[in-house]
Amino acid sequence: MKEDGIELIKDGKRLDGRGFDELRPIKIEVGVLKRADGSCYFELGDNKVIAAVYGPREMHPRHAQDAKMAVLKYRYNMAPFSVEERKRPGPDRRSVEISKISREALEPVILKEYYPKTEIDVYVEILQSDAGTRTAGINAASVALADAGIPMRDLVSSVAVGKIDGEVVLDLNAVEDNNGEADMPIAMIVRRNTITALQMDGRMTKEEFEKGLKLAMNACRRIYELQRTALIERYSEM
Amino acid sequence: MVYKVVIPGDFISDAADRAGEGTYVEDGKVYAIRYGVVDEKEEIKVVPFVGKYMPSKGDVVIGKIIEISFPYWIVDIGSPYEARLHMSEAPADKKIEFGNMHAYLDIDDLMVAKVINIDTLMRIDLRLMEDFQLGGAGRLIEIPHTKVPRIIGRKGSMIKMLKDKCKCFIFVAKNGRIWLKGSEEEMDIASEVILMIANEAHTSGLTDRVAHFLDSYSNKIRKGIER
Amino acid sequence: MGLEIMEDVRMDYVYNLVRGGKREDGRGFLDYREIKLETGVIKRAEGSARVKIGNTEVLVGVKLEPGEPFPDTPDKGVIITNAELVPLASPEFEPGPPNEDSVQLARVVDRGIRGSEAIDLSKLCIEEGEKVWIIFIDIHVLDNDGNLVDAATLGAVASLLETRIPNERYGLTGEDTLDIRDRPVAVTMVEIGGEILVDPSYNEENAAASGLTVISNEDGSISGMQKYWSGSIEEDKIAEMVEIGIEKAGEIRREFLE
């Protein structure tokens with residue numbers, strides 16, 4: 001729903017000064033929580049997200065166990081103060097769906113068969129939201145899973161593209177998202193060049209979609225490098 | 001020696017025939033499956049920084065009784081799976097029967113045990129080791145089980161140095177639990193140096209630093225004992 | 001949740017069939033099962049449709065009620081889409097609050113309709129800031145033999161096309177039909193053994209590691225997408241799926257929504 005008269009692109013630049021293919025600043029910190037087995041703090045512009053991993057640990061109730069592999073659980077949760085208008089605590093339909101697609105975005109890389117009958121819990125808390133929280137959450141969770149020592153084939157990296165004022169642009173902020181024409185978050189395994197999550201809402205042509213997918217995949221490659229650097233540097237300081 | 005830090009998915013080597021723990025092979029190439037450091041001495045391995053302890057048959061572990069469910073003591077061994085100790089493991093003269101198991105080993109008691117069997121349902125059976133009861137004396141510290149090899153050192157060199165210089169009893173179990181017994185001061189120093197090894201396990205020159213650290217304290221220890 | 005042993009056997013069967021170029025029911029990879037659409041099936045609803053795709057059967061009812069607008073869109077109507085996977089439709093469905101599958105189904109259908117801007121929400125304002133029409137799209141799954149999204153989307157759009165605004169019931173006057181400006185159609189595909197299969201059956205859904213719904217419009221634009229399950233898809237395959245999705249949507253639209 002576009003506000004009347006709002007111009008999202010001026011002289012080839014976006015309202016926050018970014019070019020079309022520019023990400024917001026990203027900050028990643030690994031191992032930020034003491035009690036969790038693995039954790040990661042992730043900033044994407046004004047999004048502030050923290051992910052914690054617990055497990056593998058014994059799964060309760062027992063009847064929900066899988067005798068052949070670990071069960072991955074993912075909980076995306078927005079803090080009540082994370083958005084302009086207070087978010088009522090607890091899961092709503094949006095967070096149920098995001099939790100599901102985020103879990104599925106990560107599952108292809110996790111070697112769940114290493115830990116039969118256990119569960120691996122991923123908790124993602126959105127502390128401050130400025131559009132793109134699910135992608136920030138997946139990025140944080142992926143790093144936190146590695147930090148927890150979970151066996152994985154690869155990391156997963158995630159970003160959204162969208163369409164504003166008729167242009168396909170990378171990584172929408174909240175103003176752009178609220179006034180834009182389309183939003184498409186993706187997650188990908190960079191080394192394999194495969195997509196593990198893809199959603200789209202709004203409206204775009206097939207050509208715009210193809211352009212957007214390329215843009216997003218390229219951005220994932222950059223995010224992957226940042227995720228990797230954050231993990232490597234954690235143990236290289238000493 | 002320089003340790004190379006890798007993350008899951010990192011390419012390590014083309015020598016697929018030497019791929020070992022913590023790696024996987026795809027299209028003839030070896031990749032890391034865990035976040036850790038590469039060890040290429042014999043096999044190509046990735047030694048993870050952290051990770052849950054997965055018991056193997058023959059491991060000696062320190063466990064804690066968390067539940068009594070006749071005829072088993074249920075034991076936490078710091079793994080995702082609980083282990084169990086059958087009542088017949090108690091010496092025959094103890095006459096263990098339904099209702100009095102706690103009199104022999106009670107909830108929260110610690111013990112040293114060997115993993116004697118793991119079945120496909122991940123049921124883990126334990127056997128008590130001789131001198132299994134650690135008693136009230138001493139101190140238990142816990143480090144990631146992945147650091148245990150560093151605490152032991154090559155051919156036991158590190159642990160020998162620790163025992164010699166700290167003067168206290170140190171028992172390192174496979175699941176990362178370490179039992180110390182000695183004076184408070186000795187245990188303080190032993191704890192400190194063990195945690196130092198665990199935190200810096202992936203760095204080079206560690207043995208020298210540990211030796212130096214222990215030497216600087218040895219006078220203090222001696223004084224403590226003399227007094 | 002965990003598949004039963006019998007289903008493991010069936011999954012292998014489906015997989016091997018596909019590797020041999022075949023599907024369980026003999027259709028081609030890009031063929032839909034027979035689609036049947038019947039509208040006006042529920043007298044009490046303002047619009048309704050029963051959709052069958054093969055054995056999959058979905059009933060969609062549209063109800064309109066006056067209600068409060070969202071604070072940020074005081075002059076626009078509201079769409080609320082809900083899906084219930086009632087236990088009669090499958091041994092896997094359990095009674096209780098919506099689970100993640102039913103939430104996902106409702107949200108994907110909703111996204112397709114919303115994204116297409118098929119409904120002009122500004123025409124559903126009764127009194128700005130006070131009262132607007134709320135369109136409830138309720139999806140009731142009766143028999144789940146796979147591909148609920150396509151059946152539900154087709155049912156929802158067909159219901160909306162025949163929906164009458166119940167002005168009289170609420171003592172109001174005004175237009176009595178919804179202004180439907182587009183006809184979004186969902187096409188769901190799965191990937192099994194490197195092949196793309198359109199309109200997956202229940203067994204095919206279980207055998208597939210990943211799937212994709214593409215919802216597209218009259219002008220060939222896309223107004224919703226969702227990737228499913230814990231497999232990953234290559235970039236080229238996604239492009240191919242989008243292509244197929246748009247083409248198939250056109251065929252369904254011509255046959256059922258014109």
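Here is a short chat about a sheet, a helix and a chain contact in this predicted model.

Reader: What makes β3 and β6 of chain A the edge strands?

Author: The five-stranded open sheet runs β3-β4-β5-β7-β6 in chain A, with mixed pairing. β3 (26-30) and β6 (71-78) each pair on one side only, and that's what makes them edges.

Reader: How do you know that β6(A) pairs with β7 of chain A?

Author: Pairing takes at least two bridges between the strands. β6(A) and β7 (residues 118-128) have eight, running parallel, so they count as paired. One of the residues involved is A:Lys73, whose bridge partner in β7(A) is A:Asp121.

Reader: Why is α2(C) called mostly covered?

Author: A residue is buried if 20 or more other C-beta atoms lie within 10 Å of its own. In α2(C), 15 of the 17 residues are buried, hence "mostly covered".

Reader: How do you know that the span of α2(C) agrees with its 17 residues?

Author: At 1.5 Å a residue, helix α2 (residues 100-116) of chain C should span 24 Å, and its end C-alpha atoms are 24 Å apart, so the two agree. Right after the helix comes C:Glu117, with a positive phi near 55 degrees.

Reader: And what makes β11(A) and β11(C) a pair?

Author: The cut-off is at least two bridges. Strand β11 (residues 194-204) of chain A and β11(C) have two, in the antiparallel sense, so they qualify. A:Thr194 has C:Glu234 as its bridge partner.

Reader: Which element supplies the largest share of chain C's side of that contact?

Author: In total, 30 residues of chain C are in contact with 29 of chain A. α2(C) gives the largest share of chain C's side, seven residues.

Key
Residues are numbered from 1 along each chain as its sequence is written. Chains are lettered from A and ligands numbered from 1 in the order in which they are written. This is a predicted model: local features need pLDDT of at least 70, side-chain atom pairs count only at pLDDT 80 or more; totals for chains, interfaces and linings use all residues. Helices (H or I, at least four residues) and strands (E, at least two) are DSSP runs, numbered from the N terminus. The expected span of a helix is 1.5 Å times one less than its number of residues. A residue is buried if 20 or more other C-beta atoms lie within 10 Å of its own, exposed if 12 or fewer, and partly exposed in between; C-beta atoms are placed from the backbone. Two residues are in contact if their C-beta atoms, placed from the backbone, lie within 7 Å.
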